[in-house]
Amino acid sequence: EFKNEINREPMHATYFAYETKDLALQNEKEQSKYFQSLNGTWKFNWVINPSLKPDGFWKPGYDDHRCNNFKVPATWEVNGYGVPIYVNTRYEFDYLMKADPPHVPHIYNPVGSYRRVIDVDKSWKGKDIYLHFGAVKSNVQVWVNGQFVGYSEDSKLEAEFNVTKYMKPGKNLVAFQVYRWTDGSYMECQDMWRVSGVQRDVFLYARNPVHVRDIEITPGLDNNYKNGWLTINLSFLKQSIPQLKNYKVNFSLLDS
């Protein structure tokens with residue numbers, strides 16, 4: 001059985017929940033005490049195929065002093081690990097094997113392994129903690145403090161994981177692994193440079209246990225193009241909270 005996600009949070013609209021109105025008006029999530037960037041230097045191991053990937057690299061006791069330092073976000077192939085490939089309609093690995101979904105090459109299919117110890121503020125205790133990957137190609141497998149958290153493909157979409165039960169106040173080990181090609185690569189054959197690795201921001205954020213999980217705002221306008229409305233649907237994380245559906249805000253357009 002092939003899956004494109006394990007324990008990944010459902011997709012939702014892009015927004016950040018600030019602790020005060022003033023911070024929300026600034027719209028800089030980096031200023032929130034409930035946001036922590038994980039961009040920067042990670043311990044990194046790169047191998048040419050899965051059979052060579054480091055065993056147990058996600059474990060707290062793993063000796064990573066021989067690992068290289070590597071930036072996140074950054075693509076491998078423009079930083080000395082592998083070769084970038086540009087093709088249009090062909091699969092970039094067709095020189096290694098004939099297309100045979102869901103199988104991908106094994107003799108050459110680089111794997112990158114990342115690990116980093118981070119500090120979680122004690123003020124986050126009692127809140128739900130989420131680990132956010134803005135984009136990782138072609139997949140990401142995640143561990144926290146030696147425990148498997150989840151898996152995601154869809155390399156140009158964000159992947160979020162609820163890591164509350166895996167983390168504690170203070171120091172925590174975050175580890176993840178990325179393959180250059182997966183079965184999902186068959187769905188991503190486009191006119192573009194084929195490069196791998198973490199391509200957008202990685203961060204942690206904390207939310208109250210009961211919070212708005214998703215928001216959908218749909219505008220409408222009457223036939224005279226004067227009176228309009230916004231239909232707002234809110235969904236909450238906890239199923240015990242009533243879902244607010246079709247909350248409508250009416251407005252009129254002023255003459256210019």
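A residue counts as buried when its relative accessible area is under 20%. Keep that cut-off in mind for Phe-44, which is buried because its relative accessible area is 1%, under 20%. The model shown in these legends is a predicted one.

**Figure 1. The whole protein is built from one helix and 19 strands.** Let us begin with the overall view. Along the principal axes, the C-alpha atoms fill a box of roughly 65 × 50 × 35 Å. The protein has 256 residues, and 45% of them are buried. Its accessible surface comes to about 14400 Å², and carbon and sulfur atoms account for 52% of that. Take the contacts between residues at least 6 apart in sequence: 74% of these join residues at least 24 apart.

**Figure 2. Phe-44 and Phe-70 form a stacked aromatic pair.** The structure holds 27 aromatic pairs, and this view picks out one of them. The two ring centres are 4.5 Å apart, with 20 degrees between the planes. Phe-44 belongs to strand E3 and Phe-70 to strand E4, so their pairing ties together parts that lie 26 residues apart in sequence. Phe-44 has a relative accessible area of 1% and is buried; Phe-70, at 6%, also counts as buried. Both rings are members of one aromatic cluster, which also includes Trp-42, Trp-46, Trp-76 and Tyr-81. Tyr-114, Phe-133, Phe-161 and Phe-176 belong to that cluster too.

**Figure 3. Trp-143 and Phe-148 meet edge-to-face.** Here is another way for two rings to pair. The centres of these rings are 5.9 Å apart, and the angle between their planes is 70 degrees. Trp-143 is buried, with a relative accessible area of 8%. Phe-148 has a relative accessibility of 36% and counts as partly exposed.

**Figure 4. The largest nonpolar core has 33 residues.** Which of its members touch the most other members? They are Tyr-114, Leu-131, Phe-133, Val-163, Met-167, Phe-176 and Leu-204. Many strands feed this core: E3, E4, E7, E8, E10, E12, E13 and E16 each supply at least two of its residues. Apart from this core lies another one, of seven residues, among them Tyr-18, Leu-23, Tyr-130 and Phe-203. Now look around Phe-133, leaving aside its neighbours within four places in sequence. Phe-133 is in contact with Val-140, Val-142, Leu-157, Glu-158 and Ala-159, and also with Phe-161, Phe-176, Asp-201 and Val-202.

**Figure 5. Val-144 sits in strand E10.** Is Val-144 buried or exposed? Val-144 is buried, with a relative accessible area of 0%. Beyond its neighbours within four places in sequence, Val-144 is in contact with Val-149, Val-163, Tyr-166, Met-167 and Leu-173. The C-alpha atoms of Val-144 and Phe-176 are separated by 8.6 Å, although the two residues are 32 apart along the chain.

**Figure 6. Glu-188 is in the loop between strands E13 and E14.** Strand E13 covers residues 170-179 and strand E14 covers residues 192-194. With a relative accessible area of 13%, Glu-188 is buried because that value is under 20%. Which side chain does the side chain of Glu-188 meet in a polar contact at 2.9 Å? The partner is the side chain of Ser-155. Setting aside neighbours within four places in sequence, Glu-188 is in contact with Lys-137, Asp-154, Ser-155 and Arg-194.

**Figure 7. The charged end of Lys-127 sits over the ring of Tyr-34.** The charged end lies 4.7 Å from the centre of the ring.

**Figure 8. Thr-75 is placed in strand E5.** This strand consists of residues 74-75. At 16% relative accessibility, Thr-75 counts as buried. Not counting residues up to four places away in sequence, Thr-75 touches Phe-70, Val-195, Ser-196, Val-198 and Gln-199. You may recognise Phe-70 from the stacked pair with Phe-44.

**Figure 9. Ile-217 lies in strand E17.** Strand E17 is made up of residues 212-221. Ile-217 is partly exposed, with a relative accessible area of 49%. Which residues does Ile-217 touch, not counting those up to four places away in sequence? Ile-217 touches Leu-230, Thr-231 and Ile-232. Ile-217 and Leu-234 are 17 residues apart along the chain, and their C-alpha atoms are separated by 8.8 Å.

Terms used
Residues numbered from 1 in each chain as written. Predicted model: local features only at pLDDT ≥ 70, side-chain atom pairs only at ≥ 80, totals over all residues. Heavy atoms only, no water. Helix = DSSP H or I, 4+ residues; strand = E, 2+ residues; numbered from the N terminus. Buried < 20%, exposed > 50% of the residue type's maximum accessible area, 1.4 Å probe, protein only. Polar contact = N/O pair within 3.5 Å; in protein donor to acceptor, adjacent residues only side chain to side chain. Contact = heavy atoms within 4.5 Å. Core = buried A, V, L, I, M, F, W, Y, C linked by side-chain atoms within 4.5 Å. Phe/Tyr/Trp six-rings, centres within 6.5 Å; stacked < 30°, edge-to-face > 60°. Lys NZ or Arg CZ within 6 Å of the ring centre and 35° of its normal. Areas by Shrake-Rupley, 256 points an atom, 1.4 Å probe, with all protein chains shown as cover.
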